[in-house]
Amino acid sequence: MYVDFIRTITPLLLLVMTEECIDSIFIKLNILDVPCLKLILSKVLGYAIVGGSVLVKLPQILKIYGSSSVVGLSLATFLLESFCCMANVSYNYALSFPFSTWGENFFILVQLVILVMQYFYYTEQSLLCLLTPLLIPGLSLLLSTLPHHLLAVCLTSAIPLMALSKVIQIKCNFQNGHTGQLSFVTSLMNFLGTVARLFTVLQEVDDTLILVNVGCVATLNTVILVQFILYWNVEVPEVKEKEQ
């Protein structure tokens, strides 16, 4: 009866483990199967990252809306990050990697569209604000039609571009001497998400390109988090906000 029950819930269990792990842990009762436990942890973390990504940029969006300002934020960072998300989604989808290892990129891209629109809106560039929700999805669809070898080129280029997007924001923070309207909650979630994603990639994806990409982003997200600590008590000067 126990075995029949396990067979019944196997489709659900397959979301977080393989059939071999189901047999090892639930049938043979080898509950200390380390490789399987690592895989389960990786899958759970992966789904948690994807779920969390739905809201990861929301604090930043709300902070911009509440202040009606994009002072201290870099448009180049938003645009480069958008391209990198597009490249990641297209590459992983084309190679049929598990959604739990890359799904956050899709949801982050949607939120980046909103952030880019906000940037143009609060810098009084209405036409670009209106075009953004058309151009970014359109480019994403175009990218998804590329052959696999070209998608690999796009992902390869996304590695330095994503690093550059973070470096631009880091430089902006350093030059301003504060983090401006950059959201601490979003930056913290970015940091935690990339560290967790690094673990899931190591466990589930045998691809050096993706590993290097995630590793670079995790390192730079750490730097941004350190800047928040350094500039924690620094207030954004109102004069600078008006000038920008």
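## Phe184, Trp232 and their ring cluster

In this predicted model, Phe184 has a relative accessible area of 30%, and it therefore counts as partly exposed. Its ring partner Trp232 is exposed, because its relative accessible area of 54% lies over the 50% that marks an exposed residue. The ring centres of Phe184 and Trp232 lie 5.1 Å apart and the ring planes meet at 85 degrees, so this pair is edge-to-face. The pair links distant parts of the chain, since Phe184 belongs to helix 10 (residues 184-204), while Trp232 sits in the loop between helix 11 (208-230) and helix 12 (238-243), 48 residues apart.

Phe184 and Trp232 do not stand alone, for ring pairs link Phe184, Phe228 and Trp232 into a cluster.

## Other aromatic rings

The structure holds 5 aromatic pairs. One of them is formed by Phe106 and Phe107, whose ring centres are 5.3 Å apart and whose planes stand at 75 degrees, so that this pair, too, is edge-to-face. The angle decides the label here, because planes over 60 degrees apart count as edge-to-face.

Both residues of this pair are described by their accessibility as well: Phe106 is partly exposed, with a relative accessible area of 41%, and Phe107, at 25% relative accessibility, is also counted as partly exposed.

## The disulfide

A disulfide is a covalent bond between the sulfur atoms of two cysteines. The structure holds 1 disulfide, which joins Cys21 to Cys36 with a sulfur-to-sulfur distance of 2.1 Å. The bond links distant parts of the chain, with Cys21 in helix 3 (residues 19-27) and Cys36 in helix 4 (residues 34-53), 15 residues apart.

The torsion about the S-S bond of Cys21 and Cys36 is about -90 degrees, and the disulfide is therefore left-handed. As for their surroundings, both Cys21 and Cys36 are buried.

## Cysteines without a bond

Why does Cys84 form no disulfide? The closest cysteine sulfur to that of Cys84 belongs to Cys85 and is 7.1 Å away, which is too far for a bond, because a disulfide needs the two sulfur atoms within 2.5 Å. Cys84 has a relative accessibility of 1% and so counts as buried.

Cys154 is a further case, in which the closest cysteine sulfur, that of Cys84, is 11 Å away and again too far for a bond. Is Cys154 buried or exposed? With a relative accessibility of 13%, Cys154 counts as buried, because the value falls under the 20% limit for burial.

## The protein as a whole

The protein has 12 helices and 0 strands, and along its principal axes the C-alpha trace spans about 70 × 45 × 30 Å. Of the 244 residues in the protein, 45% are buried. Among contacts between residues at least 6 apart in sequence, 78% join residues that are at least 24 apart.

The protein exposes about 13,000 Å², and carbon and sulfur atoms supply 71% of that area. Its charged side chains comprise 11 positive and 15 negative ones, and the centres of these two sets lie 5 Å apart.

Technical notes. Residues are numbered from 1 along each chain as its sequence is written. This is a predicted model: local features need pLDDT of at least 70, side-chain atom pairs count only at pLDDT 80 or more; totals for chains, interfaces and linings use all residues. Side-chain values use heavy atoms; hydrogens and water are left out. Helices (H or I, at least four residues) and strands (E, at least two) are DSSP runs, numbered from the N terminus. Buried means under 20% relative accessible area, exposed over 50%, partly exposed in between (1.4 Å probe, protein chains only). Contact means heavy atoms within 4.5 Å. Accessible areas come from the Shrake-Rupley method with a 1.4 Å probe; for residues, only the protein chains shown count as cover. Lys and Arg count as positive and Asp and Glu as negative; His and the chain ends are not counted. The place of a charge is taken as NZ of Lys, CZ of Arg, CG of Asp or CD of Glu. Rings of Phe, Tyr and Trp (its six-membered ring) pair if their centres lie within 6.5 Å; planes under 30 degrees apart count as stacked, over 60 as edge-to-face and the rest as tilted.
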